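Please find below some notes on the model, set out as numbered points. They begin with the cysteines and then turn to the overall fold, one sheet and its helices.

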Amino acid sequence: MSSFFKRRNGGKSTSSLATNEVASQSPPVSSNASTLTSAVTASSSRIPTSTPVVSARPASHPTYNCYTCHLAIPPNTPHIHAIRPLSGERRYHQHCFICLHCHLPIDPQSQPFCFGEVPSKDGSTRREHPLHRECFADYFGWTCVVCEQRLPSVTTGDGTNNGGSGGGTKFEFLKHPFFERERMCPSHAISRRGNLDGEGDDQQQENQQQQQVGSIASTEDEIGEIRRCAGCHRFEPIFASPNKHFIDVGDSDTGRCVCLACCRTVVTTSQDATPLWEKVIDFFEGPLGLISSTETVSGVSRQNLMSFPIMVVGLDALNDNLKEHSEGVHYGSSQIMTRGLCLSEHSPVSDESIGVTAVLCLSGLPADLTASILAHEATHAWIKLHPNFRYNKPLPLKVEEGICQLVSFLFLNDGLDPSFEEHDSSSTTDESIPSDSKLRQYFKFCIETDESVYGEGFRSAACAYAKMGLQELLYYVALNHDFPPMD
């Protein structure tokens, strides 16, 4: 099983699954008809509750009122009795035990159900309401973004209706690491290639499906036969209506595509990238103070960074240049390796003289992501052109890539226009399409959570930057070829 996959429980977890990670983002949900045990809260705590029973009140017992209609329950009348962690003891007329979603009565003896927490209109309190287990997924939006059907749910522990204990309701799904509503049925992760004629081991496919549950990596790699957006890595809703399908980038047969959100600002030509590169240069000259506006012999000037072409190319062209200039370029990060490249050459006369010939950037990405890649490559170019960094003594990969990722992160934070940040999805009625601001948050999230040498370098660079600032950090790195020790 891939290290990126973890088991996520959208509902309750039994004691036998105590070691599994419980999705803290999921709305609290309790068990089925006969086994209401624990609820998943925002802190993933487990609160024991009692089992609801259908009972009759003795004639001598104090009067009970129905929780739903608030009318008295007559003596010796069968009714439903439950104890809830949030609302305490409850009793219902049998015809008043109604699903919040479909408004039909729930038969506890034969129909699996859940209790869901629903906030009040002002958000000050939360109340628990019963729902059919199938209705719970529809009411709280626990549906698959690929097929738009409710996510599969199972009963864990004792799933009988005979008063057993220790059961619970669990949703199994693949989840995007950032966008909360991006959940996919595990069955979509199983490739059907090679099994089109019904061949293959059904049990093996079932086992594969059970393993592929949890949060996934921030890459555009396909999951089974489901494509992912090249920009935000969301799942393509291929079984939904055609107007929600992703748009092909056009990189021969690579299958790369972009979602409707990333397509709003997609960059496809070098001309599209020119104003983004100018913003990067402005950021280097202004907030960062790394370049001068005039020619200088002791540093890098604006003219130096404007003297070589910025080229937006397809995946094949980028990979060809990666192979041709494989020494000292992007290795070790699935997020960066195929997205940008700084090409350079050194003089045969002196190993200390170096020049930048071009910056390449992958086409078909949204503007904010393209700009952050250009900021990363501009930092490579600055290091290559600055006299304090020598070609014959290159920086360690972790150090150089960490600094480039730091500048890219700072640019996403402070270098782009407010209009980019304030853009929202008000022009569309589809709430599932993230805004430009949300996309930018995700691009920063990718830098922060990268588990490769790029992420390690960024986190070390960010710690040093917080203590000494960028220019002092670069001076230290030029002298020591390493990050300063952080106590």
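1. A disulfide is here a pair of cysteine sulfur atoms within 2.5 Å, and by this rule the count comes to zero disulfides. The sulfur of cysteine 66 has its closest cysteine sulfur in cysteine 69, at 3.7 Å, which is too far for a bond. Cysteine 66 counts as buried at 2% relative accessibility, and cysteine 361 counts as buried at 0%; buried means under 20% relative accessible area, with exposed being over 50% and partly exposed in between (1.4 Å probe, protein chains only).

2. A word on the basis of these values: this is a predicted model, in which local features need pLDDT of at least 70 and side-chain atom pairs count only at pLDDT 80 or more, while totals for chains, interfaces and linings use all residues. Residues are numbered from 1 along each chain as its sequence is written, and side-chain values use heavy atoms, with hydrogens and water left out.

3. For the chain as a whole, the secondary structure comes to 12 helices and 19 strands, taken as DSSP runs numbered from the N terminus (helices H or I, at least four residues; strands E, at least two). Of the 487 residues in the chain, 47% are buried. Among contacts (heavy atoms within 4.5 Å) between residues at least 6 apart in sequence, 61% join residues at least 24 apart.

4. Helix α7 (residues 367–385) has 19 residues and reaches 26 Å from its first C-alpha to its last, close to the 27 Å expected at 1.5 Å a residue; the expected span is 1.5 Å times one less than the number of residues. Because 18 of its 19 residues are buried, α7 is largely enclosed by the rest of the structure.

5. One open sheet has three strands in the order β17-β19-β18, with mixed pairing, where two strands pair if DSSP finds at least two bridges between them. Its edge strands, each pairing on one side only, are β17 (310–313) and β18 (340–346). The pairing of β18 with strand β19 (residues 354–362) is antiparallel and runs over seven bridges, and valine 359 in β19 is the bridge partner of cysteine 342.

6. Two helices pack on this sheet. Helix α4 (residues 270–285) touches β17 and β19, and its direction makes about 135° with that of β17. Helix α6 (residues 315–324) touches β17, β18 and β19, its direction making about 35° with that of β18. Axes are lines fitted to C-alpha atoms, for helices over the stretch in contact, and angles run from 0 to 180 degrees between N-to-C directions.
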